[in-house]
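I opened my notebook for this one and jotted down what I looked up, entry by entry. Come along and check each item against the view.

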Protein chains: 2
Amino acid sequence: MTGSSFERLRERLAEVNDLTKAATLLLWDQRVKMPPGGAEARAEALATVSRLAQERFIDDEVGRLLEELRGLEESSDYDSFEASLVRTTRREYEKAQRVPPELVGEMRRASALGLSAWGPAKEEADFEQLRPHLETQLELRHRYVACFPPADETYDVLLDDYEPLMKTADVRAVFDELKQELVPLIEEISAAGESDDGFLTGDFDPATQRELGLEIVRAFGYSDSEWRLDETAHPFMTTPGAGDIRLTSNFRPNDLSSLFATMHEFGHGVYEWGVDRSLARTPLHSGVSLAVHESQSRTWENLVGRSRAFWRWFYPRLQQGFDAQLGSVDEEAFYRAVNKVQPSLIRIDADEVTYNMHIILRFELEQDLIDNRLAVPDLPEAWNARMDQYLGVDVPDDARGVLQDMHWSGGALGYFPTYALGNVISVQIWERALQDLGDLDDRFERGEFGDLREWLREHLYSLGAKFTPQETIERVTGSRIDAKPYVRYLREKLAPQIA
Amino acid sequence: MTGSSFERLRERLAEVNDLTKAATLLLWDQRVKMPPGGAEARAEALATVSRLAQERFIDDEVGRLLEELRGLEESSDYDSFEASLVRTTRREYEKAQRVPPELVGEMRRASALGLSAWGPAKEEADFEQLRPHLETQLELRHRYVACFPPADETYDVLLDDYEPLMKTADVRAVFDELKQELVPLIEEISAAGESDDGFLTGDFDPATQRELGLEIVRAFGYSDSEWRLDETAHPFMTTPGAGDIRLTSNFRPNDLSSLFATMHEFGHGVYEWGVDRSLARTPLHSGVSLAVHESQSRTWENLVGRSRAFWRWFYPRLQQGFDAQLGSVDEEAFYRAVNKVQPSLIRIDADEVTYNMHIILRFELEQDLIDNRLAVPDLPEAWNARMDQYLGVDVPDDARGVLQDMHWSGGALGYFPTYALGNVISVQIWERALQDLGDLDDRFERGEFGDLREWLREHLYSLGAKFTPQETIERVTGSRIDAKPYVRYLREKLAPQIA
């Protein structure tokens, strides 16, 4: 009997997973391939599919099955598939049950419409086009928050969707430590004067960038049989099914940022790719949280992709591809340029240090919005003021200010902090990998990344979402979230820029 | 009360439509963008979404609403949206209710798997790879047929899914007339000797073909805001939502067939595009049947795209694009070459006359399969024998034989006859359009196709599926399906090849 309840639960979850994956594809397509005329119909389709997924998931039968399976859960090993599935599903079920499917559908529809409006609004640097969408998003988030019992802070409810079980206060503690360490570091570096990175701006054929980006991620583990790489204004990764990993990058004709964006999205992709296939069509078949996800994108983008050893391997190839632009730039100069720390306008282009300040700014504004301390029409002004305060930069227009990211247009509030948490976690995991694998530099210099990938697959990726994020981090690193290794890494790496 | 039942029915149908459109996108993506590794997960997602669409459609509530709405239907004008929606939905409901959602899901899953197997099987000319899939398809079709009361002929049940209310006997009658007229016509033309079309084979840059194809369909009515054009081995059209029309074409590097494929798929697309938008998210928002659909693809491919007037407009542009290949070929020679009648191996490359024999062959084999007169393993031999008998051509391998089309891999039996019916209907509609618009040649010579498109939109496309296929044809042409205008058109057009 218990066995058959478990099988029934699996079937139910598989069905919900199929619907969620259908919605994933609807969204990917909307951002990557859909002609604009399809926006309205797409919003309806997304609303319906998401609402049905929610309806099927919060169905009483799922609750009944979860009750019936308490015995199986308790008698099974904590690490077993059975116990993990029941435990994780129960937590999600108890959350999901609180949210009416109509609200889920409405949020999804508003999200699709908001995302469709974001492109043109950013293009025309016209905040007013997006304002009504943001107001709708905020109103929907208030209704969403109201589905849950009062939390310590309103923002906790939003955060939990992206970083399960993490509290706003915990994030604030980590960010306070970061602020305390990074603000003086940024000042020291600024005081040390400018280094030349002018050669990173110029005429870089997008098709060649794409080719080179593919060459890199192929060495990391990308293959045509299970991956795609497309172009979008805002790079992202998504997976509409096991064995179907989709990256996007933005191949801008005047700089090389796409190389880092491609490595970044690869990091997200390889995490999903490495989840144990036996977990497919269950809620365990995904990365465990956005912060842990981001730790992997940052690992491949920064810890690998901005390392000296990586460029020792790839720089000659890059020079071949862009001989006119880089033929006379030596490897050391290039390495320093792609690691240059300098306050700037755009989050996704920011260096490893100032990046975190972009996040802290968003984290604070999001709390102001959800707690009604800030109204949507006042958002651009608040943004610009804080950019000046934290990074000392002047925002020339909203396209390079509050409109630069798509997250809020789609209703994703509570998402941003996971980016900086990811930075922090990435170095904790990295240190553990190096303990096991020894120094990786000579392997990277030969273009060999398989040992690192397989270590990460074995110790992190394969776990999927079997454990909580905190449990997962502790299993991999042996400790809780801790900013110290990250700060230490930055100080060591940037020592030459300060000296 | 009646008003609210109608609204409730609309909501229900909108939900089903959203799921169907999600499935449409899952399929489009599978054929156009998905990495092969995603095949298994995609098959599951498709099965689930299709099964749910079926479940929601055949729900008792829909039946109850349809009963409640009999009064509204009878008191409303036959042509009204209300009466048409209730009438059409009732017919589909009564059909759909007979098929268990599990079978629908199973068929969809098998279809996804079969289609995934088709590509490699064709590539390697290996029928054995596809055989088990075809056997599954046939077994599923038998189970499907068994859901319905016995028909005059088993094949009637399959045909009805593509050409509602049409009987196998009616098709046979039309095809018998075609055979009787076309076989001697093909002989007359063969006897008249070869004409030169060697210049149609050569080195034709695919990117230029794509550009030229786009130039043509833009003049017909394609726009970037509501359309896409992608590349696939087998061209097709699909629409994952109102205002989102997707064409594919096969840009082969050694011939110009993609131009005709692009025009063909445009014809399918413009029919969907022209359906009255007020019918969106209902089952009326689509072309009425595959034969009528095909009449429009053939209209734009053949009646427009192989006309003398069309090439008077476009041939200079084509020569510009392919100067080395066509610079010394005059317009008349080119016109004759693209209208050359000659028995050949591949259906989609066949000329307007022999094309129909490819269809008649498939129509007959399908009946043999479903009536168990032919076993799947014997299919290649039967195919090759009949190709010899009807067209006098030798099939060198299965890639150019029984594996050339994907339809059967996906389980589409009963689909093929609609292609030849479409040829027949296209000329019936064309003759009516010319009666209203007068001769179109000088407009085509100037690259103006708007009058034709708008006439078709007004008289045919906008109707969507409000009426039965037969009613629709009679409304547009004033008569029932009739092969005579088509045969007359062919005889007139080909007179110079016979003389």
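How many of the nine residues of helix H8 (residues 154-162) of chain B are buried? I counted seven of the nine, so to speak a mostly covered helix. Before going further I noted that this is a predicted model.

**Entry 1: the covered helix**

I listed the buried residues of H8(B): Tyr155(B), Asp156(B), Val157(B), Leu158(B), Leu159(B), Asp160(B) and Tyr162(B). Then I looked up what lies over them. The cover includes helix H5 (81-96), helix H7 (127-145) and helix H9 (168-191) of chain B. It also includes helix H12 (290-304), helix H16 (355-370) and helix H18 (417-437) of chain B.

**Entry 2: how the two chains relate**

I superposed the copies next. A turn of 180° with a shift of 0.0 Å along the axis lays chain B on chain A, and the RMSD is 0.0 Å. The two copies are therefore related as by a two-fold rotation axis. I asked which C-alpha of chain B is nearest the axis. It belongs to Ala22(B), and the distance is 3.4 Å. I also compared the contact surfaces: 100% of the contact residues of chain B recur in chain A, and the same surface serves both copies.

**Entry 3: the interface**

I wrote down the totals here. On each side of the contact I found 36 residues, 36 of chain B with 36 of chain A. Chain B and chain A bury about 2,700 Å² between them, and 59% of that is on carbon and sulfur atoms.

Then I turned to the polar side of the interface. Between chain B and chain A there are ten salt bridges. I picked out one formed by Arg51(B) with Glu15(A), where the closest N and O atoms are 2.9 Å apart. I also noted 14 residue pairs in polar contact across the interface.

Which elements of chain B give two or more residues to the side that touches chain A? I have H1, helix H2 (39-57), strand S1 (227-231), strand S2 (237-241) and strand S3 (244-249) of chain B. H2(B) gives the most, with ten residues. By class, I tallied 15 nonpolar, six polar and 15 charged residues on that side of chain B.

**Entry 4: Asp18(B)**

I looked at one residue of helix H1 (residues 2-32) of chain B, Asp18(B). Is Asp18(B) buried or exposed? Its relative accessible area is 2%, so I marked Asp18(B) as buried. Setting aside residues up to four places away in sequence, I found Asp18(B) touching Glu44(A), Ala45(A) and Thr48(A) from chain A, as well as Arg281(B).

**Entry 5: Thr299(A)**

I moved to helix H12 (residues 290-304) of chain A, where Thr299(A) lies. Thr299(A) has 2% relative accessibility, so I counted Thr299(A) as buried. Leaving aside neighbours within four places in sequence, I listed its contacts as Val304(A), Gly305(A), Ser426(A), Trp430(A) and Leu456(A). I also checked Met263(A), 36 residues apart from Thr299(A) along the chain: the two C-alpha atoms are separated by 9.1 Å.

**Entry 6: salt bridges within the chains**

Over all chains I have 118 salt bridges. I looked up a few of them.

Asp230(A) pairs with Lys33(A), the closest N and O atoms being 2.9 Å apart. This pair links distant parts of the chain, 197 residues apart: Asp230(A) is in strand S1 (residues 227-231) of chain A, and Lys33(A) is in the loop between helix H1 (2-32) and helix H2 (39-57) of chain A. I noted both Asp230(A) and Lys33(A) as buried.

Arg362(B) and Asp405(B) meet in another salt bridge, at 2.8 Å from N to O. Arg362(B) is in helix H16 of chain B, while Asp405(B) is in the loop between helix H17 (379-391) and H18 of chain B, 43 residues apart. I marked Arg362(B) as buried because its relative accessibility is 0%, and Asp405(B) as buried at 7%.

Asp371(B) and Arg373(B) also meet in a salt bridge, at 3.2 Å from N to O. Here I found Asp371(B) partly exposed at 28% relative accessibility, and Arg373(B) exposed at 53%.

My last note is on a network of salt bridges in chain A, which links Lys179(A), Glu364(A), Asp368(A), Asp371(A), Arg373(A) and Arg386(A).

Notes
Residues numbered from 1 in each chain as written. Chains lettered and ligands numbered in written order. Predicted model: local features only at pLDDT ≥ 70, side-chain atom pairs only at ≥ 80, totals over all residues. Heavy atoms only, no water. Least-squares fit on C-alpha atoms with pLDDT ≥ 70 in both. Contact = heavy atoms within 4.5 Å. Helix = DSSP H or I, 4+ residues; strand = E, 2+ residues; numbered from the N terminus. Buried < 20%, exposed > 50% of the residue type's maximum accessible area, 1.4 Å probe, protein only. Buried area = accessible area lost by both parts, 1.4 Å probe. Salt bridge = Lys/Arg side-chain N within 4 Å of Asp/Glu carboxyl O. Polar contact = N/O pair within 3.5 Å; in protein donor to acceptor, adjacent residues only side chain to side chain. Nonpolar A, V, L, I, M, F, W, Y, C, P; charged D, E, K, R; others polar.
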